[in-house]
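These are my notebook entries on a structure that I was asked to examine. I record each item that I looked up and what I found.

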Amino acid sequence: MRHIISLLLENESGALSRVAGLFSARGYNIEALTVAPTEDPTVSRMTIVTRGDERVIEQITKQLNKLIDVIKVLDISEADHIERELMLVKVRAKDQEREEIKRLADIFRGRIIDVTASSYVIEMTGASPKLDAFLANLAKDWIIEVVRSGPTGILRGERGLHL
Amino acid sequence: MDLSGAEIVVQALKDEGVEFIFGYPGGAVLHIYDALFGQEEVKHVLVRHEQGATHMADGYARATGKPGVVLATSGPGATNLVTGIATAYMDSSPLVVLTGQVPTPVIGSDAFQECDTVGITRPCVKHNFLVKDRHKLAETIKKAFYIATTGRPGPVLVDIPKDITDPKVKIPYHYPKTVHLRSYNPTVKGNPRQIRKAAELILEAKRPMIYSGGGVILGEASEELRELTRWLGFPITSTLMGLGAYPGTDRQFLGMLGMHGTYEANMAMHECDVLLAVGARFDDRVTGKLDEFCPYAKIIHIDVDPSSISKNVLVDIPIVGQAKPVLAELLVQLKASGRRPEAEALSAWWEQIERWRALDCLRYDRESSLIKPQYVVEQLWQVTRGKAYVTSDVGQHQMWVAQYYKFDYPRRWINSGGLGTMGFGLPAAIGVKLAFPEEDVVCVTGEASIQMCIQELSTALQYKTPIKIVNLNNRYMGMVRQWQEFTYESRYSHSYMDALPDFVKLAEAYGHVGMLIEKPQDVRPALEEAFSMKDKLVFLDFITDRTENVYPMVEAGKAQHQMRLPPWISPERELA
């Protein structure tokens with residue numbers, strides 16, 4: 001099962017490597033990892049996408065909690081949540097393809113944020129499967145470059161992960 | 001009071017009440033060594049290799065319950081510590097390790113004796129710090145002691161760049177009395193509702209079993225464990241790390257469990273219907289084949305570390321908390337219930353256990369003309385009246401001590417259980433002896449292990465630590481040889497110890513006393529003579545039967561009740 005684990009951790013040098021090191025040392029997999037400071041500059045928010053059965057996920061959350069720099073851990077995929085990922089795609093866009101790509105981007109609610117005579121950069125946010133679907137609809141030889149942020153997520157409603 | 005960084009380090013250790021610091025000087029810590037000069041409060045013990053410093057501090061910590069403190073320089077000084085830090089980490093031993101680092105402006109430039117100490121040690125410490133601001137030095141040291149000694153204890157490293165300890169820059173010194181970390185709040189008391197559920201399950205047990213581990217010793221819960229076990233009248237077994245928490249000579253104690261556990265302990269584990277696990281972590285050396293571990297048991301698990309619970313074995317009633325308050329509360333609730341364990345079921349269970357015990361699985365050939373290692377350990381137990389602090393290295397000798405030295409007190413059995421570090425025993429014994437100069441301290445070792453930190457014989461002379469070394473010399477890496485005999489058709493690949501030194505002369509060369517013992521009848525007199533030499537380190541080199549194996553043995557992949565017993569013992573025949 002795919003899980004999204006959110007952490008609050010001390011914004012200290014080395015905190016990221018403690019988390020990453022834990023995953024590699026214990027053989028857990030990381031599909032994606034994002035991290036940035038929060039409104040409180042001493043605290044970072046990290047989102048990890050991982051896979052594992054119930055016992056593995058339980059161990060992951062326990063082991064993360066055990067790290068001294070980690071303040072809070074929440075498996076947000078356990079609850080009603082919103083997941084978003086940002087993607088930037090650079091595509092070859094010439095002749096009649098320019099229209100087709102623009103139409104496709106519109107369907108997926110992407111925005112073209114850079115235009116040259118031969119290329120577009122499309123910005124798109126959404127849950128990861130939507131981004132996957134968009135890429136699947138682009139012809140392979142159109143794609144020059146894909147940059148994805150990895151998913152981030154937040155709980156719906158008033159409940160939140162905070163200090 | 002204005003102090004330099006180096007003076008802050010030393011003053012902080014004084015304020016922390018540190019008695020000994022085990023270390024080795026070098027470029028990056030010279031300012032700190034200068035600040036140590038001429039003061040007597042913190043006694044510095046100069047080791048011969050940094051690994052020895054970590055094991056000494058570890059031995060000191062395990063015997064006293066106080067944190068062990070280590071000081072080493074950057075680069076090779078720090079990397080030499082790694083084995084000892086990992087040893088302490090695996091056995092949850094509280095260490096505070098201070099390392100020098102190259103000056104902050106040159107960090108990352110591959111400077112002389114530079115290494116990424118924080119990076120190298122990260123996976124084997126509870127936490128570590130790099131101090132980049134001298135104003136945070138005192139507070140960081142306080143945090144290190146706090147983290148090392150609370151919750152599940154462990155080693156904490158503080159890496160201090162040389163410029164931070166510059167004697168010319170003085171700043172106001174303040175050592176905080178307490179520290180608070182918002183991200184670290186270890187659980188102390190267990191959840192009362194979970195404890196009540198545990199009490200109910202315990203009272204319904206027909207074939208109960210208590211399985212206690214090192215956490216009981218670390219958590220100072222030996223008294224509570226004894227009281228609870230006696231009140232319940234239940235059988236109890238212990239892990240390697242937990243020996244001594246419950247008296248080894250008591251009738252309710254079934255001996256150690258696991259790979260080299262007793263027949264009765266492993267059989268009782270396999271057949272029990274309620275298992276109370278306290279401060280133990282269901283290590284693979286205990287469980288054997290996981291699928292068949294305690295197949296009939298409902299399991300209660302008390303542990304201070306939530307990640308130890310349901311890691312290897314799924315448990316029914318988890319209780320997160322320190323062993324001491326949880327066991328005390330459990331006993332209160334049991335007594336308050338007005339009930340007692342079911343007497344009839346319990347007595348039938350004990351009858352079954354006594355039948356297993358009657359097999360006497362630790363019996364060995366007492367008529368042999370060769371010295372049997374088990375005999376040496378038994379005699380050691382008698383000569384020291386079961387009261388010595390015993391350290392060991394790793395291998396067969398370690399298992400024989402665990403089986404034949406009946407520890408009646410906690411903190412007396414000091415060995416590397418988790419990491420299995422050869423070379424641990426001698427320096428650990430020195431650390432223990434410094435803490436308890438009046439007590440008998442013995443290092444039981446083998447001719448392979450002892451050579452891994454033999455240089456510390458020199459430290460032992462300098463600091464007058466007259467320990468006794470019992471070398472069970474079988475000219476093999478015995479445990480390796482045993483596995484090769486059992487699973488590699490006796491192909492003894494590189495497990496023979498050729499070109500051994502003359503240990504008697506070696507001991508003498510280091511300024512100690514050496515004794516060579518080759519006959520069984522000389523074992524007892526030699527031990528008595530050695531222990532009568534109160535102010536001498538005596539190295540007793542026992543030439544033992546080289547083919548002796550450790551039994552029982554649960555071989556890899558086997559379930560706990562499928563023990564390999566010695567050829568002269570047959571449960572099928574004897575228990576029929």
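**Entry 1: the cavity**

I sorted the lining of the largest cavity by residue class and counted seven nonpolar, two polar and two charged residues. I note at the outset that this is a predicted model. How many cavities of 30 Å³ or more does the structure hold? I found one. The space in the largest cavity comes to about 40 Å³.

I then listed the residues of the lining. B:Cys361, B:Leu362, B:Arg363 and B:Tyr364 are among them. B:Gln374, B:Tyr404, B:Glu548 and B:Asn549 are also included, as are B:Tyr551, B:Pro566 and B:Trp568.

**Entry 2: helix H16 of chain B**

B:Tyr404, one of the residues lining the largest cavity, also appears among the buried residues of H16(B). I looked up helix H16 of chain B, which covers residues 396-404. Is this helix enclosed or open? Nine of its nine residues are buried, so the helix is largely enclosed by the rest of the structure. Among these buried residues I wrote down B:Gln396, B:His397, B:Trp400 and B:Ala402.

**Entry 3: a cis peptide bond**

B:Tyr551, which I had met in the cavity lining, is joined to B:Pro552 by a cis peptide bond. The omega angle there is about -10°. I located B:Pro552 in the loop of chain B between strand E20 (538-543) and helix H22 (571-574).

**Entry 4: the nonpolar cores**

Which residues have the most contacts inside the largest nonpolar core? They are B:Leu275, B:Val470, B:Leu540 and B:Phe542, in a core of 103 residues. Another core, of 42 residues, lies apart from the largest one. Its members include B:Ala57, B:Ile85, B:Ile430 and B:Ile467.

I followed B:Leu540 further. Leaving aside neighbours within four places in sequence, B:Leu540 is in contact with B:Val470, and its other partners include B:Ile469, B:Met515, B:Ile517 and B:Leu527. B:Lys468 and B:Asn471 are also among its contacts.

**Entry 5: a buried aspartate**

I found B:Asp305 in the loop between strand E13 (298-303) and strand E14 (317-320) of chain B. Is B:Asp305 buried or exposed? I record it as buried, because its relative accessible area is 3% and the cut-off for buried is under 20%. Its side chain makes a polar contact of 2.7 Å with the side chain of B:Arg152. Neighbours within four places in sequence aside, B:Asp305 is in contact with A:Lys66 as well as B:Arg152.

**Entry 6: a threonine in chain A**

A:Thr61 belongs to helix H2 (residues 54-66) of chain A. It counts as buried, because its relative accessibility is 18%. Not counting residues up to four places away in sequence, A:Thr61 touches A:Ile5 and A:Val73.

**Entry 7: positive phi angles**

I looked up two residues with positive phi. B:Gln113 is not a glycine, yet its phi is about 55°. I placed B:Gln113 in the loop between strand E5 (95-101) and helix H6 (117-121) of chain B. B:Gln113 is partly exposed, with a relative accessible area of 26%.

B:His494, also not a glycine, has a positive phi of about 55°. The loop that holds B:His494 runs between helix H19 (478-487) and helix H20 (503-509) of chain B. I record B:His494 as exposed, because its relative accessible area is 72% and exposed means over 50%.

How values were computed. Residues are numbered from 1 along each chain as its sequence is written. Chains are lettered from A and ligands numbered from 1 in the order in which they are written. This is a predicted model: local features need pLDDT of at least 70, side-chain atom pairs count only at pLDDT 80 or more; totals for chains, interfaces and linings use all residues. Side-chain values use heavy atoms; hydrogens and water are left out. Helices (H or I, at least four residues) and strands (E, at least two) are DSSP runs, numbered from the N terminus. Buried means under 20% relative accessible area, exposed over 50%, partly exposed in between (1.4 Å probe, protein chains only). A polar contact is a pair of N or O atoms within 3.5 Å; within protein, one must be able to donate a hydrogen and the other to accept it, and residues adjacent in sequence count only if both atoms are side-chain atoms. Contact means heavy atoms within 4.5 Å. A nonpolar core is a set of buried Ala, Val, Leu, Ile, Met, Phe, Trp, Tyr and Cys residues joined through side-chain atoms within 4.5 Å. On a 1 Å grid over the protein atoms alone, a cavity is a set of points where a 1.4 Å probe fits but cannot get out, and a pocket is an open set with protein on both sides within 12 Å along at least five of seven lines; lining residues have an atom within 4 Å of a point. Grid points are joined across faces, edges and corners, and a volume is the space filled by probe spheres set on the points. Ala, Val, Leu, Ile, Met, Phe, Trp, Tyr, Cys and Pro count as nonpolar, Asp, Glu, Lys and Arg as charged, and the others, Gly among them, as polar.
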